[in-house]
Amino acid sequence: MSAPGTVLIVDDERDMRNLLAKVLAKKANCEVMTCNSAEEALEQVQLEPPDAVLTDIKMPGMDGLSFLQHLQSIDPSLTTIVMTGYGTIEMAVQALKEGAYDFVEKPFDNERILRTVRRALERTKLLRENVQLQHQLCDQGVRHGFVGRSNRLTRTLELLHRVAQSNVTVLIRGESGTGKELAAKALHAMSPRGKRDMITVNCPALPEHILESELFGYRKGAFTGADRDKKGLFVEADGSTLLLDEVADIPVSVQTKLLRVLQEKEVQPLGQNKTFGVNVRVIASTNQDLEAKIRQGQFREDLFYRLNVMTVTMPSLSTMVSDIPLLSQHFLDRFCEEHDRGELEFSEKALQELVRHHWQGNVRQLQNVISRAVLLSPGPFIEVDDLWEEEGGDLSMDESVPCPFAEQELFELPYKKAKNRLVEEFSSRYLSEALEAAAGNVTVAARRCGMERQAFQRLLRKFHIDAGSFRG
Amino acid sequence: MAEILILDDVLDATVLVGKILKKKGHIPHTFTEEDEAIAYARSHPIDLAILDIKLKKMSGIEVLAMLKEQNANMRAIMLTGYPTMETAREAIGLGADEYCVKPIDRAELEEKVEQVLAL
């Protein structure tokens, strides 16, 4: 068993030092260092940091309390036990308030001191582990490109971190633009396979038969044009990670072969009788409703369960609204540098607008909007008007307008009535969206719609829309 | 001006401490029964509790634990005639800000109270 830790004993009485050193080394199995003064001990701590300190309080030179304060400022995770003689309760209280973990009275029995030292070592270990994990989390958050402090994102990152170490297949789900590929890269980088390159296959980009030969390889002569052996991406990714991007779009025939690889950990290239064992970690990502695809018979259920060993769902931007200011600032800094735009800033209104907006395209859309605004804004402030394109409004609006003809009943109405109704629906929606985007400011909304303010207001009255309800 | 709860099994002690603090402009609430003090703190905001350790039914340490559980931001000073390492350790561990030994002179009490309230 390795030593549970190193204990530094500081006491000006030599007999006490030796006794303690003996007890701790023998009974608690600790590594022991000793010093006869606080000054010496401070040097020792800088040189070779111990896991716990056991110090007398009354010493010539620097006393135990000042020593404690120094220790706290050097390393707050270091656990200190203070030893006191009789009748110094006040000092003991002082020591505890200064951050000593515990104090023991002299003379003490060995069991008591052993118990205390063991607990102290345990505490240091836990504190240091905690600090280390937090650092890792922070580093990784920054390194792998995730920005944000919201609970939702932090939990997702923690999950990624935990899953990364193992070899299990991970299914990354999430709306478009939430960072699924980023998550896959993070998973790979944090895993023991991180030193090798991750292989990414964009599934919908490749036609069926090409996808198959790309993934599994083929043998020379397997089909016309196969004039040499091809290894296939699974073999290529041996010892590394293979990301199946947009896995929902894989044709059913290839799904069958994929299932086999996942089950048997073997690939069989086209036209080859032999199979090859491969050691590949598979990560799959999708923004589609796989369960629905299974019901429609477009996705194999057994493959789904193979992929879905561990699911990580990337948070949509609407679940981490509190991170929008941070993300916005991050993108602003980045694009200012990229586009060489010096120092731009968001106006307060623009920032509010960014926070309030419903980002259907998630972080990616936010990123694109800011990139564009940085390019086009006259500066020094990015205003609300710089965020959206003049024509057509922003993307989310286009997507969210439902096709009006979906309503069958429209066709049962006389032409004029149907048209009026449609126009009315369209208008009130259009005007509401415009007001929404302008935070209820009629002038801004009108300008964006290419209208005079008075005309805009007339329309608001006609369709009974209250601009005030969009403010604040 | 702070709301200060004073708990001691000796009535005279609570009255004395209460008087001193009142002169300093604070609002003292004095108790000799533990349960009454705890019940009062449950329904009233308390900035500081000054607790004796040897009480009638419970120990001041137990009372401290309960008060801190109700309101972690409450400040606390332990005031005891029987100081021990054990209770000092426990009290500080439970979040007491001071551990004072009776008899305490007026100036010291005033000083400690101001210090703790300033935290």
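Q: Which residue is the bridge partner of Ala49(B) in strand 4 of chain B?
A: In this predicted model, where local features need pLDDT of at least 70, side-chain atom pairs count only at pLDDT 80 or more, and totals for chains, interfaces and linings use all residues, Ala49(B) has Ala76(B) of strand 4 of chain B as its bridge partner. Residues are numbered from 1 along each chain as its sequence is written, while chains are lettered from A and ligands numbered from 1 in the order in which they are written.

Q: What makes strand 3 and strand 4 of chain B a pair?
A: Two strands pair if DSSP finds at least two bridges between them; strand 3 (residues 48-51) and strand 4 (residues 75-80) of chain B are joined by 4 bridges and run parallel, so they count as paired. Strands here are DSSP runs of E with at least two residues, and helices are runs of H or I with at least four, numbered from the N terminus.

Q: Why do strand 2 and strand 5 of chain B stand at the edges?
A: Chain B has an open sheet of 5 strands in the order 2-1-3-4-5, with parallel pairing. Strand 2 (27-31) and strand 5 (98-101) each have a single partner strand, so one side of each is left without a neighbour in the sheet. From one strand to the next the twist averages 20°.

Q: Which helices lie across strand 3 and strand 4 of chain B?
A: Helix 3 (residues 60-70) of chain B lies across strand 1 (3-7), strand 3 and strand 4, and runs at about 165° to strand 3. Helix 5 (residues 106-118) of chain B lies across strand 3, strand 4 and strand 5, and runs at about 155° to strand 4. These angles, on a scale from 0 to 180 degrees, are taken between the N-to-C directions of axes fitted to C-alpha atoms.

Q: How do you know that strand 4 of chain A is mostly covered?
A: Of the 6 residues in strand 4 (residues 79-84) of chain A, 6 are buried, the term for a residue with 20 or more other C-beta atoms within 10 Å of its own (exposed means 12 or fewer, partly exposed in between). Thr79(A), Ile81(A) and Met83(A) point one way from the strand, Thr80(A), Val82(A) and Thr84(A) point the other way, and all are buried. Strand 4 of chain A also pairs in the parallel sense with strand 3 (residues 52-56) over 5 bridges, and within strand 4 Val82(A) is the bridge partner of Thr55(A). In chain A as a whole, which has 20 helices and 14 strands, buried residues make up 32% of the 472 residues.

Q: Why is Asn362(A) called buried, and why is Ala439(A) called partly exposed?
A: Asn362(A) has 22 other C-beta atoms within 10 Å and is therefore buried, whereas Ala439(A) has 17 and is therefore partly exposed. Asn362(A) is found in helix 15 (residues 362-376) of chain A and has a positive phi of about 55° although it is not a glycine. Ala439(A), in the loop between helix 18 (415-437) and helix 19 (442-448) of chain A, likewise has a positive phi, near 55°, without being a glycine.

Q: Where is the cis peptide bond that joins Lys106(A) to a proline, and what is its omega?
A: The cis bond joins Lys106(A) and Pro107(A), with omega about -5°, and Pro107(A) lies in the loop between strand 5 (102-105) and helix 5 (110-143) of chain A. In chain B the peptide bond from Lys102(B) to Pro103(B) is cis, with omega near -5°, and Pro103(B) is placed in the loop between strand 5 and helix 5 of chain B.

Q: How are helix 4 of chain A and helix 4 of chain B oriented to each other, and why?
A: Helix 4 (residues 89-98) of chain A and helix 4 (residues 85-93) of chain B pack at an angle of about 25°, with their axes 10 Å apart. They are therefore roughly parallel, the name for angles under 35 degrees (over 145 is roughly antiparallel, 65 to 115 roughly perpendicular, the rest oblique).

Q: Which residues of helix 4 of chain A meet helix 4 of chain B?
A: Ile89(A), Ala92(A), Val93(A), Leu96(A) and Lys97(A) meet Met85(B), Ala88(B), Arg89(B) and Ile92(B), where contact requires C-beta atoms, placed from the backbone, to lie within 7 Å. The residues of this contact divide into 7 nonpolar, no polar and 2 charged; Ala, Val, Leu, Ile, Met, Phe, Trp, Tyr, Cys and Pro count as nonpolar, Asp, Glu, Lys and Arg as charged, and the others, Gly among them, as polar.

Key. Contact = placed C-beta atoms within 7 Å.
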